[in-house]
Amino acid sequence: MENMKNFIANQVKKSYEVKQSIYQDENLMNLIKEVSVVVTKAYQCGNKTLIAGNGGSAADAQHIAGEFVSKFYFDRPGLASIALTTDTSILTAIGNDYGYEKLFSRQIQANGEKGDVFIGISTSGNSKNIIEALKECKEKGIITIGLTGQNGGKMKELCDYCICVPSNETPRVQESHILIGHIICAVVEEDIFGKGF
């Protein structure tokens, strides 16, 4: 049982260390701030967010969209946000007709508008359907934000803003992605509906 306790403690420690690295990285903190401002401005202009990822990152996409549409810290009007991972009829139709790589780009083609913000989540930064989505966003004038792991993968060169979590360990990266998503939601909510900054 002592081994299990040590294992659990080590998991918590590793998660803490990644977040501590983010906290101590002034450039990364400034990038999170900049991205929060970009999302806020998009909402103030009447645009929306589109969010996508695979596996655990799909769950994060839905989680963040839920915070925008419902509420985060306090009651306020909903903010338009679509997780591109939720409609099984759309997902299976696109997957069947066009292939898995087009899962998100096809939805962006249909529902995205110039000035919207796409948040693509991929721990590797190399998810093919996120890469295709980013290319479609460029065509449509949609602002792109990437949440990735340490090196950013191919997404780093395709995103307008790419937040690279300083870790190559998938669980640690995902834990920090939801932290960053929460921060963006909190800033947007406070800036638009709260006392502002």
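**View 1. Helix α6 and the residues it tucks away.** In this predicted model, helix α6 buries Asn129, Ile130, Ile131, Glu132, Ala133, Leu134, Glu136 and Cys137. These buried residues find their packing partners in β1, α5 (105–111), β3, β4 and α7 (155–158). The helix covers residues 128–140 and lies across β1 (49–53), β3 (117–121) and β4, with its direction at about 165° to that of β3. A quick length check works out nicely: 13 residues at 1.5 Å each should span 18 Å, and the end C-alpha atoms of α6 are 19 Å apart, which agrees. Look just past the end of α6 for Gly141, which takes a positive phi of about 75°.

**View 2. The open sheet of five strands.** Follow the strands across in the order β2-β1-β3-β4-β5, and you will find parallel pairing. Which strands stand at the edges? They are β2 (81–83) and β5 (161–164); each has a single partner strand, so one side of each is left without a neighbour in the sheet. From one strand to the next, the twist averages 15°.

**View 3. Strand β4 and its two partners.** On one side, β3 and β4 pair in the parallel sense over five bridges, and here Phe118 has Thr144 of β4 as its bridge partner. With β5, strand β4 (residues 143–148) shares four bridges, again running parallel. In this pairing, Gly146 stands opposite Cys162 of β5. Strand β4 is mostly covered, with five of its six residues buried.

**View 4. Strand β5, face by face.** In a regular strand the side chains alternate between the two faces of the sheet. Here, Tyr161 and Ile163 point one way from β5, while Cys162 and Cys164 point the other way, and all are buried. What does Ile163 touch, leaving aside its neighbours within four places in sequence? Its contacts are Leu28, Leu31, Ile32, Val35, Gly146, Leu147, Thr148 and Ile180.

**View 5. Helix α8 packed on the sheet.** Helix α8 (residues 170–193) touches β3, β4 and β5, and its direction makes about 140° with that of β4. For its 24 residues, 1.5 Å a residue gives an expected span of 34 Å; the end C-alpha atoms are 34 Å apart, which agrees. Buried residues of α8 include Val173, Ile180, Ile184 and Val188, as well as Arg172, His177 and Glu189. The cover over the buried residues of α8 includes α1, α2, α3, β3, β4 and β5.

**View 6. Two separate nonpolar cores.** In soluble globular proteins, nonpolar side chains tend to be buried together. The largest nonpolar core in this model has 31 residues, and those with the most contacts inside it are Val35, Val39, Ile51, Phe68 and Ile163. At least two residues of this core come from each of α1 (2–24), α2 (26–44), α3 (56–69), β3, β4, β5 and α8. Which element gives the largest share of this core? That is α2, with eight residues. Apart from this core lies another of 19 residues, among them Ala52, Leu91, Phe118 and Cys137.

**View 7. Thr85 in the loop between β2 and α4.** Zoom in on Thr85, whose place is in the loop between β2 and α4 (88–98). Is Thr85 buried or exposed? With a relative accessible area of 13%, Thr85 falls under the 20% cut-off and therefore counts as buried. The side chains of Thr85 and Gln62 are joined by a polar contact of 2.9 Å. Beyond neighbours within four places in sequence, the contacts of Thr85 are Ala52, Gly53, Ala58, Ala61, Gln62, Leu91 and Phe104.

**View 8. Phe104 in the loop between α4 and α5.** The loop between α4 and α5 holds Phe104. This residue is buried, with a relative accessible area of 1%. Not counting residues up to four places away in sequence, Phe104 touches Ala52, Gly53, Asn54, Leu84, Thr85, Asn129, Ile130 and Ala133. For a sense of scale, Phe104 and Tyr43 are 61 residues apart in sequence and 21 Å apart in space, C-alpha to C-alpha.

How values were computed. Residues are numbered from 1 along each chain as its sequence is written. This is a predicted model: local features need pLDDT of at least 70, side-chain atom pairs count only at pLDDT 80 or more; totals for chains, interfaces and linings use all residues. Side-chain values use heavy atoms; hydrogens and water are left out. Two strands pair if DSSP finds at least two bridges between them. Axes are lines fitted to C-alpha atoms, for helices over the stretch in contact, and angles run from 0 to 180 degrees between N-to-C directions. Contact means heavy atoms within 4.5 Å. A nonpolar core is a set of buried Ala, Val, Leu, Ile, Met, Phe, Trp, Tyr and Cys residues joined through side-chain atoms within 4.5 Å. Buried means under 20% relative accessible area, exposed over 50%, partly exposed in between (1.4 Å probe, protein chains only). The expected span of a helix is 1.5 Å times one less than its number of residues. A polar contact is a pair of N or O atoms within 3.5 Å; within protein, one must be able to donate a hydrogen and the other to accept it, and residues adjacent in sequence count only if both atoms are side-chain atoms.
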